[in-house]
Amino acid sequence: MAVKDYIRERFFPHMWCPGCGHGIVLNSMLRAIEKLEMSKNDIVMVSGIGCSARISGYVDFHTLHTIHGRALAFATGVKMSRPEVNILVPMGDGDALAIGGNHFIHAARRNIDITAIVMNNRIYGMTGGQYSPLSGYGIKATTAPYMNIDHDFDVVELAKSAGATFVARTTTYHIQQIVDIIQQAILHKGFSVVEIMSQCPTYFGRKNKEGSGVDMLKRYKKITTPIGSKAKKENPDLIERGIFVQKEMPEYCAEYDKVIEMAMKGQ
Ligand SMILES: Cc1ncc(C[n+]2csc(CCOP(=O)(O)OP(=O)(O)O)c2C)c(N)n1
Ligand code: SF4
């Protein structure tokens, strides 16, 4: 299968603004799936609401476009009833960690075999640029015209402490790394979290004077560094990229099968 076979061409052109990072995520994700030679029928993509969540409309997998913040809850239901399929859940930072924050930590805690992709543009793009739990202190947004005084979550630290067994971060500048990490996340048996810093030039960029989509991409190159690099030791403000956690733990559906077996035996 080639990348174009995974796309629903009838829904193009897409709705994303020029320079938006979300198209890069779509492209890289499909390249990862192509490299894994996956059949369309083996993939279910579940998404909520947001510019990021619209990604499910553009792919020719089994797809569910559900309600804001609840994608992981729907995905959990699908996975429990069809454990053999691969579940991908692309979410915006608002979708995943504001309204959906509770589902996020509990999906991680259960270690259910789902690949959660957090497309982090640090803003609510779809609804006009309100700040999100990932915007961070001092950032400007339509709902924080002077400055945001809320401190942000670190997606990686949150996912790690909630129990995710695969945790990684990269950016839309680092396309090869997205392709590589998504492949490994899909192959991982357990809850995988991939944070992809993805620029929103229309709201975050404009409000915070970060320039065009290209300027924002170049900025990702400047402000990030591979995990454990020398540069990080010299400049602790740099954001690390790479795979932070990759470990084996019992997977939720497999554990649930054990309970079914016990019940069938009347134990
Ligand atoms: C229950 C509910 N609350 C609020 C909304 C309005 N809403 C739609 S998308 C969205 C946030 C989008 O931001 P994010 O998830 O970060 O994705 P982005 O658009 O930035 O990619 C909000 C608040 C909604 N659709 N449903
Ligand atoms: S508003 Fe932002 S996140 Fe939404 S499509 Fe435009 S650039 Fe992308």
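The exercises below concern a predicted model, and each is followed by a worked solution.

**Exercise 1. The sheet**

State in which order the 8 strands of the open sheet lie, and find which strands stand at its edges.

Solution.
- Step 1. Read across the open sheet: the order is E2-E1-E3-E4-E6-E5-E8-E7, with mixed pairing.
- Step 2. Look at the two ends of that order. Strand E2 (62–65) and strand E7 (224–226) are the edge strands; each has a single partner strand, so one side of each has no neighbour in the sheet.
- Step 3. Add the twist, which averages 20° from one strand to the next.

**Exercise 2. The pairing of E7**

Determine how E7 is joined to strand E8 (residues 239–246), and name the bridge partner of Thr 225 in E8.

Solution.
- Step 1. Count the bridges: E7 and E8 are joined by 3, and the two strands run parallel.
- Step 2. Pick out Thr 225. Its bridge partner in E8 is Glu 240.

**Exercise 3. Two packed helices**

Describe how helix H1 (residues 22–35) packs against helix H6 (residues 175–187).

Solution.
- Step 1. Choose the quantities. Two packed helices are described by the angle between their axes and the distance between those axes.
- Step 2. Give the values for this pair: H1 and H6 pack at an angle of about 50°, and their axes are 8 Å apart.
- Step 3. Classify the angle. Because it lies neither under 35 degrees, nor from 65 to 115, nor over 145, H1 is oblique to H6.
- Step 4. Give the hand: H1 passes H6 in a right-handed crossing.
- Step 5. List the residues that meet. H1 contributes Ile 24, Val 25, Ser 28, Met 29, Arg 31, Ala 32 and Lys 35, while H6 contributes Ile 175, Ile 178, Val 179, Ile 182, Gln 183 and Ile 186.
- Step 6. Sort the contact by class: 9 residues are nonpolar, 2 polar and 2 charged.

**Exercise 4. The two ligand shells**

For ligand 1 and for ligand 2, find which helix gives the most to the shell, and sort each shell by class.

Solution.
- Step 1. Start with ligand 1. It has 19 residues around it, of which Gly 50, Gly 92, Gly 94, Asp 95 and Gly 125 come nearest.
- Step 2. Helix H3 (residues 93–97) gives the most to the shell around ligand 1, with 3 residues.
- Step 3. By class, the shell around ligand 1 holds 8 nonpolar, 9 polar and 2 charged residues.
- Step 4. Turn to ligand 2. Among the residues around it are Trp 16, His 22, Asn 121, Gly 125 and Met 126.
- Step 5. Helix H7 (residues 201–207) gives the most to the shell around ligand 2, with 3 residues.
- Step 6. By class, the shell around ligand 2 has 8 nonpolar and 4 polar residues, and no charged ones.

How values were computed: Residues numbered from 1 in each chain as written. Chains lettered and ligands numbered in written order. Predicted model: local features only at pLDDT ≥ 70, side-chain atom pairs only at ≥ 80, totals over all residues. Near = placed C-beta within 6 Å. Helix = DSSP H or I, 4+ residues; strand = E, 2+ residues; numbered from the N terminus. Nonpolar A, V, L, I, M, F, W, Y, C, P; charged D, E, K, R; others polar. Axes fitted to C-alpha atoms, helices over the stretch in contact; angles between N-to-C directions. Left-handed = near helix turned anticlockwise from the far one by under 90°. Contact = placed C-beta atoms within 7 Å. Pairing = 2+ DSSP bridges.
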